[in-house]
Amino acid sequence: MKLELKGISKAFGTFYANQDIDLVVESGQIHCLLGENGAGKSTLMNVLYGLYEPTAGEILVDGKTAVFRGPGDAMAAGIGMVHQHFMLVPVFTVAENVALGAEPTTFGGVLSIEETRRRIREISDKYGFDVDPDAVVEELPVGVQQRVEIIKALVREAKVLILDEPTAVLTPQETDELLDIMRQLKASGTSIVFISHKLREVKAVADVITVIRRGKVVGDAPPSASPAELASMMVGRAVSLTLDKAAAKPGEKSFVVTGLTVRAANGTNAVDGVSFDIAKGEILAVAGVQGNGQTELTEAILGVQEHVTGSVTLDGTELLGRSVKDILGAGIGFVPEDRTVDGLVGPFSVAENLVLDVYDKAPFAKGIVMSPRIIAENASAKIQEFDIRTPSAAAAAGTLSGGNQQKVVMARELSRPLRLFIASQPTRGVDVGSIEFLHRRIVEERDAGTPVMIVSTELDEVVELADRIAVLYKGKLVGIVPAGTPRDTLGLMMAGVGPEGASDEK
């Protein structure tokens, strides 16, 4: 099946998420849509899948104009989509999830799921999915849940399969398995639209790469294009994809976490007896698939979580039990994983957000009176230093793009004397060029003698920044290994397998 998008635009008010996009997906082709977070990739696919109505343009299937007023129309035309956040009912079985929305019935209208079970086994055997139709979804690993989503589309006879950031929640091994599945689907004649911002994966499977930047197609590239060429197309200028950093020179172990346990609302331990330390002048990167306790770990250190036991000390002083304000005041810089909820006050100006931690301290305030002039001067300097794209320092932070909001948070937290720096997903939503700059600033903080803790689900970022790597799985510390540990080993650890010889240091 040949799929064409002609002149597709999608506006939200006066903002165009997509503008005049042309795209052709040939039958049996893996066509990659490459671009930074916020470039408009997912919006375009939501138009194609009938979730959004295009503002302008048309969709053609095998040369004929198609109008999709909902996902049902798209599926009927042979288009399936696997969303970044799975659309599964956790307490249902695989067969029940696959049948949902297209329930099979016997003569007389009686529900019968046996045909769905048969089709699941058939597809699972054909592609080596190894999926049990009667397994309960919530008991399956994330990688297998994703296969269930693919099976859902194939049962509905999808000829074009859209995969939206499909590797975001997978371990490296699960990612390799998915790429193999994509190759098998292509060999069977299925077309795939692969949405990603990860150059390594795109180059591994794509037949054609279309690069989108700020809602517009900037060009097509062959998979033989170098990572540097693709990155340049993504951001509009040449960028360096490797971080040049000297070996760490760690000092004394100033930050120590011992037996940290965080009790979740459901009674389980979101963080379960975790212990580690970070020396002055080193970066400890915490790796793991999203949802394995990283959020609760950082929030417990900051004093946000309530049901916490264990010990967290900085330079010998206990932090547990202290207020968030006291902890930040102790010299801890903190970049939360969700900048819009925890990192910024959207209606406040960029200038105000840049001093949220220190607005009541000199030189930004004298007594109870803030100094607008000094706050404005600080904002002007940080906007230039961190290349924050904003109409002015007076603009509301909430009106900035996600990447620029992240720069505001990073600029604020790295602009005061620190005794500890913690950053969760430090470059989420930031373009490749800005990642280069922010990584360098993090290393500069390390080189200044600050202990640094990075939490990231991007394995490339972990490998790039870390002096040591701690891996979490289901709230437990699988192990701590040195920088340079093979990616395959890290992937096994992210799946809960402690490698032979992994460090037991805490």
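Two strands are taken as paired if DSSP finds at least two bridges between them. In this predicted model, an open sheet of four strands follows the order S12-S11-S14-S15, and its pairing is antiparallel. Strand S12 (269–279) and strand S15 (317–318) form the edges; each has a single partner strand, so one side of each remains without a neighbour in the sheet. Within the sheet, strand S11 (residues 253–263) and strand S14 (residues 308–314) are joined by six bridges in the antiparallel sense. At one position of this sheet, Thr261 stands opposite Thr309 in S14. Helix H9, made of residues 294–302, lies across S11, S12 and S14. Relative to S11, the helix H9 runs at about 115 degrees.

A parallel arrangement is found around strand S19. Strand S16 (residues 332–335) and S19 run parallel and are joined by four bridges. Val335 has Ala423 in S19 as its bridge partner. Strand S20 (residues 452–455) likewise runs parallel to S19, again with four bridges between them. For Ser424, the bridge partner in S20 is Val455.

The surroundings of S19 were then considered. Five of the five residues of this strand (residues 420–424) are buried, so S19 is largely enclosed by the rest of the structure. In a regular strand, side chains alternate between the two faces of the sheet. In S19, Leu420, Ile422 and Ser424 point one way, whereas Phe421 and Ala423 point the other way. The residues pointing in either direction are all buried.

Helix H1, spanning residues 41–48, is also mostly covered, with seven of its eight residues buried. The buried residues are Lys41, Thr43, Leu44, Met45, Asn46, Val47 and Leu48. Just after H1, Gly50 adopts a positive phi of about 85 degrees.

A nonpolar patch occurs on the surface. Phe12, Phe15, Leu51 and Tyr52 make up this patch, which has an area of about 380 Å². One of its members, Phe12, is located in strand S1 (residues 3–12). The relative accessibility of Phe12 is 39%. Because partly exposed residues lie between the buried limit of under 20% and the exposed limit of over 50%, Phe12 counts as partly exposed.

Terms used. Residues are numbered from 1 along each chain as its sequence is written. This is a predicted model: local features need pLDDT of at least 70, side-chain atom pairs count only at pLDDT 80 or more; totals for chains, interfaces and linings use all residues. Side-chain values use heavy atoms; hydrogens and water are left out. Buried means under 20% relative accessible area, exposed over 50%, partly exposed in between (1.4 Å probe, protein chains only). Helices (H or I, at least four residues) and strands (E, at least two) are DSSP runs, numbered from the N terminus. Contact means heavy atoms within 4.5 Å. Axes are lines fitted to C-alpha atoms, for helices over the stretch in contact, and angles run from 0 to 180 degrees between N-to-C directions. Patches are made of residues with over 30% relative accessible area and no salt bridge: like charges are joined within 9 Å, nonpolar side chains (Val, Leu, Ile, Met, Phe, Trp, Tyr) within 5 Å. Accessible areas come from the Shrake-Rupley method with a 1.4 Å probe; for residues, only the protein chains shown count as cover. A salt bridge is a side-chain nitrogen of Lys or Arg within 4 Å of a carboxyl oxygen of Asp or Glu.
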